[in-house]
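User: Hi, I have just opened a model that is new to me and would like to go through it with you. Could we take it piece by piece?

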Amino acid sequence: MPEPVMLPSLPPASPGARPAPFAPERTNRLTYDDEVFLRSATVIGVPVVGQTAWRFPAEIPVEAVQGVVDELAKGPLNRLVVRPKVIGARSRWVPATTAEPVRLHPDRIKPDQVMAWLDTTTDEVPFDPVKGPLWAFFMAYTTDGGTVVTYNASHIVCDGGMKLGALIAAVRRQPLPRLPFDDPAATEVTRKDDRRDARAMARAAAGGLRAARRAGKPPVLEAQSSEKRPVPPPQPDDHVVHEVAFAGADCPVSEWNAAVERAGGTSNTLQIALSVEVLLAAGIVRPGEPVKMSLPVSLRGEGDLRSNATSGVSIAVETELRDGVGRVTDLAHIRERSKREFSALFKGTRPDPIAHIAPLAQMIPDRVAKPLLKNVVTPLGLASNLGRPDPDFIAPFGVAADAIVFRGLALGATRGELRRMRGGVTSWWCETGETCTFGIRALDPDAVPDSERLKEIVTDVYGRWGLVPSFW
């Protein structure tokens, strides 16, 4: 086997997190996390797509973007899924042979139309895990002489670490294998192979159940959460596809850091506090009670080419009612609790029931999984902090971006589906040059019906911290 290739990876996603050594299984089969996003697309009918958009101060030649895309097409994003021929076996990755060319919008767009244009780009490719494509680039020139480029990719084929790392490798012209492991027979998926994998999965499932019984139940987090929100009754507009509210807010890094210093916190803890205060301002949670926040972190190590290699922890964030407004005033406890939970995660002392039952869950056929998936919930709050990305990610086409916004999209989700999932907000934060960008989605179609309402809430919340947002 060749020496493992270094995959550029994200910094720790949350305060106190440090990636632990992890030896992934040597197989091109989909992982449990890959399967979660595969079933979201094929069973629930809601593909999850990550969108990264750069705003550049100059016109970027199409050829510069296409050159990076051509390199990216040689690497680990260019995979397709082959479904198993035997029940209980896992799906398998095989190389894709084609990739989508860069698509240039025919007209210049106004700066205040950027988000509306970004919304349209996800409609132009199918994100089909079996036929492809699973990723694509789009670009548009703006009327003020700038360029916007967006990098859309299905979560099936990449989490944040893979998405950023694969692009950085492409910019550096650093070859990466197309599949997680070098396998000369990777394109030959036989029934015999599937039977062998199904037997291995059955053994893993049995062992996992035994381990789960020994581990017992994890401690209950005493906090408001999606699981504790009541399931709403059916409503007449449940069938309507809902455009989830999103706000991308820029502000000077100097002002953000000043707010952090005044509060005695960190960029991570301020992002988490802002996310919770948006939940409070929207009426999704009650002040005076803790709120459950989920904090992801990358488990990706050297030479790790899994599509998804992310874990995370949950903490309870304390809130209070101050001057009639729900607030998060103590950032120190956020840092302390998240560090403690991440330390337990990497030491292996934190109970993880999902890890034990993952083999069994992955073996369940789609037709059996479909009714079970109707009851899934999404986090009440999730915060991903990207920090300051690698310079090659900030300037992948030769010019440094003024700002970068990240967001995840659940394509085609209806109001009824969102209501049943009882989610709250998901946020991202990154620093680009002198600007930092806070992107946030509000998943409750009743509490936050549209992006304009979300911008109003973010403006109010920012103001309480002495910040003034400038929206994409």
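User: Let's start with a strand: how many of the eight residues of strand E8 (residues 291-298) are buried?

Analyst: Before the answer, please keep in mind that this is a predicted model. Seven of the eight residues of strand E8 are buried, so the strand is largely enclosed by the rest of the structure.

User: And which strand does E8 pair with, and in what sense?

Analyst: E8 pairs with strand E9, which covers residues 310-317, and the two run in the antiparallel sense over eight bridges. Within that pairing, Val291 stands opposite Val317 of E9.

User: Okay, stepping back, how many helices and strands are there in the protein chain?

Analyst: The protein chain has 13 helices and 16 strands. Its C-alpha trace spans about 65 × 55 × 45 Å along the principal axes, and 52% of the 472 residues count as buried.

User: What does the radius of gyration say about the chain?

Analyst: The protein chain has a radius of gyration of 22 Å, which agrees with the value near 23 Å that a compact globule of 472 residues would have. As for its contacts, among those with a separation of 6 or more, 80% are between residues 24 or more positions apart.

User: Different topic: is Leu386 buried or exposed?

Analyst: Leu386, which has its place in strand E12 (residues 381-387), counts as buried because its relative accessibility is 8%, and the cut-off for buried is under 20%. The C-alpha atom of Leu386 is separated by 9.7 Å from that of Gly161, although the two residues are 225 residues apart along the chain.

User: Now helix H2, then. Which of its residues are buried, and what do they pack against?

Analyst: In helix H2, which runs over residues 62-72, the residues Val65, Gly67, Val68, Val69 and Leu72 are buried. The buried residues of H2 pack against two strands, E5 (135-141) and E6 (147-154), and against helix H4 (160-171).

User: Last thing, what is the volume of the second largest pocket, and which residues lie nearest its centre?

Analyst: The second largest pocket has a volume of about 490 Å³. Its lining is made up of 23 residues, and Asp119, Glu243, Val244, Arg407 and Leu409 are the ones that lie nearest its centre. The elements that give two or more residues to this lining are helix H3 (114-121), strand E7 (245-252), strand E13 (403-410) and helix H13 (451-464).

User: And what is that lining like by class?

Analyst: The lining of the second largest pocket has ten nonpolar, six polar and seven charged residues.

Methods: Residues numbered from 1 in each chain as written. Predicted model: local features only at pLDDT ≥ 70, side-chain atom pairs only at ≥ 80, totals over all residues. Heavy atoms only, no water. 1 Å grid on protein atoms, 1.4 Å probe; cavity = no way out; pocket = protein on both sides within 12 Å on 5 of 7 lines; lining within 4 Å. Points joined across faces, edges and corners; volume = space filled by probe spheres on them. Helix = DSSP H or I, 4+ residues; strand = E, 2+ residues; numbered from the N terminus. Nonpolar A, V, L, I, M, F, W, Y, C, P; charged D, E, K, R; others polar. Buried < 20%, exposed > 50% of the residue type's maximum accessible area, 1.4 Å probe, protein only. Pairing = 2+ DSSP bridges. Rg over C-alpha atoms; globule rule 2.2 N^0.38 Å. Contact = heavy atoms within 4.5 Å.
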